[in-house]
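Reader: Please take one part of this model and go through it closely. I would like to start with a single residue and see how its surroundings are described, then move on to the charged pairs.

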Amino acid sequence: MDFHFFNGRLPFNKLDKPEKVEASDNVKVVVRCRPLNEKEKMMGHKQSVAVDEIRGTITVNKLDMTSEPPKTFTFDTVFSPDSKQLDVYNLTARPIIDSVLEGYNGTIFAYGQTGTGKTFTMEGVRAVPELRGIIPNSFAHVFGHIAKAEGDTRFLVRVSYLEIYNEEVRDLLGKDQMQRLEVRNQHISTYSPSLHLLGVSLSGHSSIGHEAFD
């Protein structure tokens, strides 16, 4: 089972009035269940969860304990094992990217055990358009918006790419990706002074073909 937490938009400027944020734009929890892989099928494993996308529920059945009743959990959105990458993006991530383009902060946080499908959902297969995940679809969304902007509007796109594993932070854009970064605490935030940022300055008439993230 693959758990994905999608954090709705928050005002980018602390001076923004709270009433600008709709009640439905708070933290939302989305669950995507992956299908059985070939090894699991060969070993005779059975799907133990039932997904009801209409009601937004996940029902967990204990196949080895038929006497125990199933447990049902309700989430904001659920996706079955046969769900499509683009459907996941359009229903969950697209509204957050739209809000970011309007000046709000947005966070998409994927969580799950090893092998649950987080990488496939977030990255997918970039060479196959229908298998692209949330990250490449978000890039296309942002740069598509920039390309369609009118007038002399200029945009600055910056990205950092870090890994947090076993309480260690590594800069995936740095020359030495195995180097552990120093993490400092301030009153309002936690940050790493050594983290690399890639920046791209674009105008409204720029081409989408900026491969700044590849």
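Author: Leu131 is partly exposed, because its relative accessibility is 31%. This is a predicted model, and the values below are computed from it. Leu131 sits in the loop between helix H3 (118-122) and helix H4 (134-148). Together with Phe120 and Val125, Leu131 makes a nonpolar surface patch of about 210 Å². A residue needs over 30% relative accessible area to be placed in such a patch, and Leu131 has 31%.

For the setting, the chain has 214 residues, of which 27% count as buried. Its fold contains four helices and 13 strands. The area that the chain exposes is about 14900 Å², and 54% of this comes from carbon and sulfur atoms. Among contacts with a separation of 6 or more, 54% are between residues 24 or more positions apart.

Now the charged pairs. The structure has six salt bridges. One of them joins Glu40 to Arg34, with 2.8 Å between the closest N and O atoms. Glu40 has a relative accessible area of 18% and is therefore buried. Its partner in the bridge, Arg34, is partly exposed because its relative accessible area is 26%. The cut-off for buried is under 20%, so Glu40 at 18% falls within it, while Arg34 at 26% does not.

Another salt bridge is formed by the side chains of Arg55 and Asp52, at 2.9 Å from N to O. Arg55 has a relative accessibility of 66%, so this residue counts as exposed.

The side chains of Arg170 and Glu168 also meet in a salt bridge, again given as N to O, at 2.9 Å. Arg170 counts as buried because its relative accessibility is 13%. Glu168, with a relative accessible area of 24%, is partly exposed. This pair does not stand alone: Glu168, Arg170 and Arg180 are linked in a network of salt bridges.

To return to the starting point, Leu131 belongs to the nonpolar patch with Phe120 and Val125, and its place in the chain is the loop between helix H3 and helix H4.

Terms used. Residues numbered from 1 in each chain as written. Predicted model: local features only at pLDDT ≥ 70, side-chain atom pairs only at ≥ 80, totals over all residues. Heavy atoms only, no water. Patch = residues over 30% accessible without salt bridge, like charges linked within 9 Å, V, L, I, M, F, W, Y side chains within 5 Å. Areas by Shrake-Rupley, 256 points an atom, 1.4 Å probe, with all protein chains shown as cover. Salt bridge = Lys/Arg side-chain N within 4 Å of Asp/Glu carboxyl O. Helix = DSSP H or I, 4+ residues; strand = E, 2+ residues; numbered from the N terminus. Buried < 20%, exposed > 50% of the residue type's maximum accessible area, 1.4 Å probe, protein only. Contact = heavy atoms within 4.5 Å.
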